[in-house]
Structures are given as C-alpha cells and as structure tokens.
Amino acid sequence: MENKGIHLAFLTETFLSPAIPESICNSINFSCLRSDRSSSHPKTRGGGCALLYRSFVKLVKIDLDEKNYITHFCDILVVDHTESNVRFILVYRPPDTSNIQTHNLVDQLNTLMVCPKKSYVLLGDFNLPGIQWAHHSRIDNTGLTDMTESHNMVQLVKSATRISQRGTENILDLIFSSNPKACFNIKVGEPLLMSDHNSVLFSTNLTKEASSRRKVKQLMNYRKCDVDALNSYLASFNWAKQFSFFATLDSKLSHFLNIFNESIDMFTPLMKINSRSAVLSRQYTYKLLKRRNKTLNPTKLKSKVKLRLKNIRKRIRKSENEIIGSANPRRLFGFVKRRLTSSSSITKLLVNGSLITKPSDIADQFIKTFAESFTIPSSPHPALPHPKPKNIFVDVSPLSVFLAISKLQPKIGYSTDRINFYIIKKCANSISVPLSLIFTESLSARRFPDCWKTATVIPLHKKGSILDPSNFRPISLTHPLARLFERLILKPIKSELAAQLSKKQYGFLSNRSCPLALIDATSQYHLTLSKPKAYMDVILIDFRKAFDSVPHDLLLFKLMNFGLDSALCEWFKSFLSNRESKIKIDDYVSENSFNNVSGVLQGTVTGPFLFLVYINDLIQSLPSDVYSIAFADDLKIYSENTASLQKTLNVISDWCDKWKLQLAENKTVVLHLGVCNPHTDYFIGNAKLASANIARDLGLLVDCGLKFDAHIAKIVNNAKFNCRRILNSFRSNNIKFYFKLFNSFIRPTLEYACELFHPSNSLSTTQLESPLRFFSRKVFHRCNISFQPTSSNAHLSPYERR
C-alpha cells in the first residue's frame, strides 16, 4: 500500500477477533477501524470488516447496535469522513446468508442512508453471484437493487472480482455510490496477498463541497421555512426502528441531529440581505458628490448635498413608518433592537503592555484567562449527613416533551448547527417522539450526550476596562436541545427540593426577585434605625469567580446530601464532566478550547439552581442574630451586633476554605448606618474590609443615610442618555412610537425598585420627571406639535401615579 499510494484500504473477511489487540493492526502510517465477527455468530471463525487509513484522513466510526446483528449475521463497518458529507458503509455478507437475513440486512443499510444531503458509498463483499450486476435488466430478489436505486446509487464494478474453480466469473465485490466525486476511476486489480478475490481500486474526492452546507447560518430565513413540509418529512421516519440499529446514545443522537439539520436545510430558503445603508454624514455626502460632479461650484454643490440628505431622511422615515405600522410586533422589536443595541464586538485586548487585535489571539487570551478561574478537584468532604434520597421522577414522555417545547420562546438564537428554538417549536409534533427516546436512554444510561458537552463561550463585559480580559464573564451557549433537556430535568427537581432552600435565597426562584430582596433588607434597616441611638452595619460580600470555582465532586456530594437520588447524581456527574468550551469573537470561533474542570456553566438551565444548592448550607449556618440575604453569589449580612457580624465573617471565611470558594476581600464593602454608628472595623483573615458611604446593592445605590439621592441622580442621567440614543437612532414622526419606546427602554430604568426611593419631596419628583419632559419636548418638536409642560401627561401618567 505504501508503494501504490493507497490512502484507504477496505478489507472484508479479515478473520479478526476481539482477542487480537488493535495495536497489531495499527502502524506508523496507517490506523485501523474494525468490525469483527460477533461471538453470537454460529461460526466462531471468519468474517469481519476493517478499514486501514492514513492518519491525515479524518474518519469517525459509527457504533451499531449488537442486537440487530443476530437478524442477519453480516458484518457492517460504518465510517463518516468528518471534513465532507461522505459516509462509507463496508459490508461482508457470508455466502450462506438466507433471503430473510438478506432482507434484514437491506433494512439496516437503508436506515444508515437517510440523510438526503449526505453522499454514500456502499461497498464490500456481498456474495451474490446469481445477480448479473453488469446488466441493467438484472433480476434481484434481495431488495438490494431497489434500495440502492431509491437512494440514487449506482453499482460501479463492471468486471469479475472472483473466478471460481470451474472458471465462472462473478462480480461479488460491489461498490455503490450516490455521488460521482465520492467514488470514480473503478479498476479491478490483482488479489491482495493470499485472497481469492481480486482487489478493486477506486479514487475518491473527500474535499468539502461549498454547496453541501451553508456556512453562514444567519443567511437562512427561518421565518420563511416550509414548516408543513418539514414536519411531514420528519414524521415519515420510524424513529424507534431508526435508533434500533445504533448501539450508543451518542450515535443515536448524532443520527437524529444529522437528519434534523439536513431537513432544515432542505426546506429553509436563504435570506436576502441588503448591505447598503443610508449615510447621513454631511461631510461624507459632500465628498461623494464632489467626486461625482467635479464641475459644480461650491454653492450648487452645498444645495445638492442638502437635497440628498433630505431625501435620505425621507426614505429612512418612510421605511421606519412602514415597520412601525406593521402588524408583526416581532419585526418591530427586532428593528428597534438593531438600532439601539450598540456593538459589543471585542476588537482588541491589552496584555502585558501589548495590544492584540487578531481574533485568534484574542480568543486564546480569553481561554487562558477563563481557565485560571477553575478549582482543582478535591476529595468530597465527609462532614454532611446523607438523608434518605427522594424518588424524583423525570417525565420525558412525548407528551411531556411536547408541552415543554410549547413553552419555549420562538427565538432564533446562536447555535452550532441549524437547530434553534424557533424551528424546535414549529416542529414540536414531529420531533417529540425521537427526543423522548433519546432523553429516556440518557436517563436510563445515566449519561449526558458527549456531543452536547462542548459549549460556545461569549465573553460578556462586566465593568472596568474593555481591554482587560479579566473584566469579562464567560457566558456559555449550549445546544438548544440540550437546554430543553435540562428544563425537563430541572422541573421535577425544583418541585421536590426547592422547599429545602433557605428562605433567605432570592435568586433564580419563583415568586422571588431583586426588588423583594431589597425591600426585605431596607425594611429591616428602617425598623432597626427607628430606635433611639440605634445603628447597624451592612456588609456586602463578594465571591471571586463563584460560578466558575464550584468543584464538581463537592457539588455532587451536596446534591446527594440534598436528597437527590443516585441515578440523577450519576447523570449530573456525566453532565458536569469532560466539558469543554470554545471562544466566539464575532463570527470567529476558536479552534483551541479549555476544559471546564470546575464550576456550573453560566448560560445553562440547571447551572443557577446547582449553585443555590451548593451555597445553601452556608446561609443556614449563619448566626441567628445576624440578618442575611443572598441573591445567587451576592451575599449581604447586616446586624446591630458588631461582634456577631465579625463572627459571621469568620464562619463564611471558614466555609469558603472548606468548600473551595474564595472571597474577594478588596470588593467586599461595609456600610455604617445610623448617626451614632461607631464605625467598627471588620476583617476577613488579616485583610481589613473597606468602608464606603455609597455601595451598589443588586443594582441599587444605597447610601449611609438611606436617602437614595445618588441613585436617583444616576438613573436620571442614564435615562436622559437613553433618550438621546433613541432620538438619534430614529427619524420617524410617529409620536405614539416614541412613547412606546420610552415605556419599553427608559421607564424600567427609572422605576426599578422604586418602592424603596419613592420621592418624599418635590425636588426628587421633579428630578425623576425630567427625562420624560426632556424626551417629550424633543418628540413634540420633531412631530411638529406644540409642546406644553403638561403635554407629556397625555401619553404617560405622572411619576406619583405610576
């Protein structure tokens, strides 16, 4: 093979058995994939298929279910080429195979060739001498010809591959192909070694076809997908039979995903994108017209620029009014979001004084930064008791899957393939059964599919310099179907175990929120400070990379202690283990990745609840005379007893040492409330905590006097800034449209946690009303309507009433 330049060698009747190690079959230049004769075959010796291939050829073996082997006793080796859409199916059919067994073989082969966008090469020793393969009018009672013709496959071997002792020439070794590029230049050559069959040489082109897959997912117009045809096509599959031919959970899921993706590709048209955009820059328009009209004098050129800009504004206003008047609210929301959302693209980072701008280098730097947040695995801590586990039933029946899909928001978000929530919801009827089968096997096998363990991470800026990679948070985007599966898992777990969570936890739980947490704490502040000469200290505790630092083994230990049964604990162990993440910078996805050796992924459905379980015993172990409120990883403790506060800090510090979380002492802040406050110093270890007059608590600026003046000033400035953004982003003269934008994008900023800072004087009321008056004056002027100080009230009620 070395001398002849062979890259792929398909071998049948190898006589290999599981007792022969693979190391004997591999060499420096060739690797081997095998499908040996099963021990269930009546004959212990003989049979078997193998493929020898050079290391640079990227091949993946598809595992088949062993229980189907006894229906035909034929050896099948299925291999996918990862860089193209070609699947090779190598078959050895023994000569004594019966007609019934042959029909069963054909049924399984038919199942392996269901993706219409994939190219197939079916080859091997079929031992069918009674069929005249060289003649078009051949008689075939096995069903093989009908099956291959239904897939548009052509038998390419035209010369005899074996000459019997009587001199009869037979074509026993066959090659069927559905793509001329996948298999061509067929030649029958000399036998290899001691074989009594001639070898069949062929050429193949395994380069990826540009038209085989659409590289830019954003170009697919999912809203125009032929949903009826897509559902009809998916419903035509017998999914139980399809999955019965595959041995492992991952191979079954891969088979389903291939069919689903290819069917979406079949019935979804491309989206037409208009790349031209109107330019309103007077300087740019002046230069453009001057270059095109070199003979015009400056006066005429200026008037022409003015007319051109007027026409552009008119055209923009017309298109805006058309979208505003549309009956489709989703179209309007998408239009507004595109206009108002600023670009969050990361174009450069500053690392060790050097500026890096290449996307691959930026991604590698984020990989390095995020990987530093992980905690090294440690042995489980034996301090907690093991209660009797609760029997939690996870309903993944087709009806349950259908109901879960029906509650999804039909969003077209990012995905590594063509599957998104919009398509999933439209195909709920046709995919509920296969998803139910896959989810059921995952739970029974206590394994999470490996292909869903790779996440795409988008760095999200928190605060600070955008050039510093440590100021970004990793947000993981997992597969939409994986998130659907997590929803089904989490629903019964929350139903059974959520009652065990501390009442002081306000994050990620129903009927609890940030405003409720703030109201609870502030009410206690006022109640304590209402006493004569009373004071209170509030400590806002910050954990360092809390979500990324949770050790998996300790988390599983706590889940077991929380009452989760062993089956679900094993499933979560598989869910958390061997995960990897790739960085996405705009349209670039990194080739390198990092392993998530610890932490709960930010962006997954179960991640927040897992963190609540992990931190729950800390909240319950705090002293009773110290108030505490937790919202995810934001923990706040407050009390008038300074000694108990310091003791609580020690408890928290010891807990973090035991359970491998770290406190950020430099970000933990103390607020001293009350006129008579002695301003006690607090310590975490040897580090003294900083005191502040104003601190941010769950998005609210809290000052020591509980006046909230700084918060009001900040939200008013933010509201006015957003008012200017809206006015600069749109040219419409529709007054209702502008006040709809005010209600949607500006009013929530002004009214977040407004129960706490309800203005007690006219000055604060006037200050909070100023964004509405400013916005109304500009909008009325743009729409050519006279403005009166009370005109805005016709469109929005005053702040006191709201």
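The protein chain holds 23 helices and 30 strands, where helices (H or I, at least four residues) and strands (E, at least two) are DSSP runs numbered from the N terminus. This is a predicted model, in which local features need pLDDT of at least 70 and side-chain atom pairs count only at pLDDT 80 or more, while totals for chains, interfaces and linings use all residues. Residues are numbered from 1 along each chain as its sequence is written, and side-chain values use heavy atoms, with hydrogens and water left out.

**Exercise 1.** Find how many disulfides a search of the whole structure gives, and explain why Cys 451 and Cys 514 form none.

*Solution.* Begin with the criterion, which is a pair of cysteine sulfur atoms within 2.5 Å. The search of the whole structure gives zero disulfides. For Cys 451, the closest cysteine sulfur belongs to Cys 115 and lies 14 Å away, so it is too far for a bond. For Cys 514, the closest cysteine sulfur is that of Cys 754, also too far for a bond because the separation is 14 Å.

**Exercise 2.** Classify Cys 451 and Cys 514 as buried, partly exposed or exposed.

*Solution.* Recall the cut-offs: buried means under 20% relative accessible area, exposed over 50%, and partly exposed in between (1.4 Å probe, protein chains only). Cys 451, at 40% relative accessibility, is therefore partly exposed, whereas Cys 514, at 19%, is buried. For the protein chain, 49% of the 802 residues count as buried.

**Exercise 3.** Locate Arg 544 in the secondary structure and classify its exposure.

*Solution.* Arg 544 belongs to strand S18, which covers residues 536–544. Its relative accessible area is 33%, so Arg 544 is partly exposed.
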